[in-house]
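Here's a quick briefing on the enclosed spaces in this one and on how its two chains relate. Have a look at the structure first, then we'll go through it.

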Number of protein chains: 2
Amino acid sequence: MRSTAEARRVTVLNAAVSVFARAGFHATPVTAVAAAAGISEAYVFRLFSGKLGLFVAAAGACFDRIAAAIEAGAERATGGSPEEVLDAMGGAYAELIADRDLLLFQVQAQAVTDIPEIAEAVRAGYRQVATFVQSRAGASDAQVQQFFAYGQLCHLIVTAGLEQVPEPWARALTSGIRHP
Amino acid sequence: MRSTAEARRVTVLNAAVSVFARAGFHATPVTAVAAAAGISEAYVFRLFSGKLGLFVAAAGACFDRIAAAIEAGAERATGGSPEEVLDAMGGAYAELIADRDLLLFQVQAQAVTDIPEIAEAVRAGYRQVATFVQSRAGASDAQVQQFFAYGQLCHLIVTAGLEQVPEPWARALTSGIRHP
DNA sequence: GAAGTGTGTGAGTGCACACTTACAAACTAG
DNA sequence: CTAGTTTGTAAGTGTGCACTCACACACTTC
């Protein structure tokens, strides 16, 4: 027994988030995930119920990591006001997505929500994050909405590579956005 | 000669925007676009340089339609202040994307920006729209940024189907958003 | 040490799909 | 009418990939 199945699953999920993030669900063969995890394709199919099951599980892992980072960020808030807590959460999120895997995975997941299981996983992920943000920061609906609107703007900035574009319109969209 | 090639190209592009919007670039076979346009797959390959060329052309058509709608909306602004013009543009956009094809196509395009030609098409599209918004509304960088941030939030709301979710976190994210 | 259980893989199988080719029909030019 | 051009297709071809199966090795239990 080289390893337990449960430990393998964790390894595979980390690899899956990374690999699916780059090319998306349909363009990523399961062999690519298997190779990144260092095991055979056949064993990935034994550990998960299929490519879809693997992707849905990876989505869960992705949102878990985001929620954990935002939670840790909130702990570091200098004050207790909603604005300060939201700002600390935003900073933690900006740090987390510096490597882009988690951000790109979200974009990929949103793009395949025509598959009901994935749509449900996306909803569950945002439910987890949004309810935490709202309750922990004690923020108003409008503040929570703004928090997520600018988060989604980050998705556009990163996918379109706007931080590399020196033109005025791109500077307008990226100005003041932390990190990416 | 049943039709000119140029007229066929327009038909095919409209079909392509619709069909790619649903399942995305990789999951959409060219036969599906051909069927929606009412011609054979082989002829689609003669009209466009390949599946990628077709998608890039469809992206151009998509952003052209968005820019035209926003421009028309701006003409209907009740006043001349940046806020009023932006509001009219937002209203026009909300109307335009009621059928969801243009919105979902943007999401799909952003998801395949790892393909350089598509990334460039997405940048070109947002350049077209953002420069127009900024110059026509005479808005500040921050106002333009906010305009696009809430536009991107619409993408999340629609892809995740949040308008169907009765829970408080979903209401917070969708409150005040026009239409979708 | 035999039997059972959990971990792991190589070698398929079948199908979907991007793209090509050979060919046909409509139209145009002279 | 004929020769040439444009619009259009049916029928392939080759490849990549999701998923399976038979089999092997490690470890435990009695």
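To compare the copies, they are superposed by least squares on the C-alpha atoms of residues with pLDDT of at least 70 in both. Keep in mind that this is a predicted model.

**How the copies sit together**
- A turn of 180 degrees, with a shift of 0.0 Å along the axis, lays chain B on chain A with an RMSD of 0.0 Å.
- The two copies are thus related as by a two-fold rotation axis.
- In chain B, B:A149 has the C-alpha nearest that axis, 2.5 Å from it.
- The copies meet through the same surface, because 100% of the interface residues of chain B are also interface residues in chain A.

**The largest cavity**
- Searching the whole structure turns up two cavities of 30 Å³ or more, and the largest has a volume of about 120 Å³.
- Its lining takes in 16 residues, with A:Q108, A:V112, B:H26, B:Q108 and B:V112 lying nearest the centre.
- Two or more lining residues come from α6 (101-111) of chain A, and likewise from α6 (101-111) of chain B.
- Sorted by class, that lining has 10 nonpolar, six polar and no charged residues.

**The second largest cavity**
- This one holds about 100 Å³ of space.
- Lining it are A:V107, A:Q110, A:Q152 and A:H155, along with B:V107, B:Q110, B:Q152 and B:H155.
- At least two lining residues each come from α6 and α8 (141-159) of chain A and from α6 and α8 (141-159) of chain B.
- The class count here is two nonpolar, six polar and no charged residues.

Key: Residues are numbered from 1 along each chain as its sequence is written. Chains are lettered from A and ligands numbered from 1 in the order in which they are written. This is a predicted model: local features need pLDDT of at least 70, side-chain atom pairs count only at pLDDT 80 or more; totals for chains, interfaces and linings use all residues. Side-chain values use heavy atoms; hydrogens and water are left out. On a 1 Å grid over the protein atoms alone, a cavity is a set of points where a 1.4 Å probe fits but cannot get out, and a pocket is an open set with protein on both sides within 12 Å along at least five of seven lines; lining residues have an atom within 4 Å of a point. Grid points are joined across faces, edges and corners, and a volume is the space filled by probe spheres set on the points. Helices (H or I, at least four residues) and strands (E, at least two) are DSSP runs, numbered from the N terminus. Ala, Val, Leu, Ile, Met, Phe, Trp, Tyr, Cys and Pro count as nonpolar, Asp, Glu, Lys and Arg as charged, and the others, Gly among them, as polar. Contact means heavy atoms within 4.5 Å.
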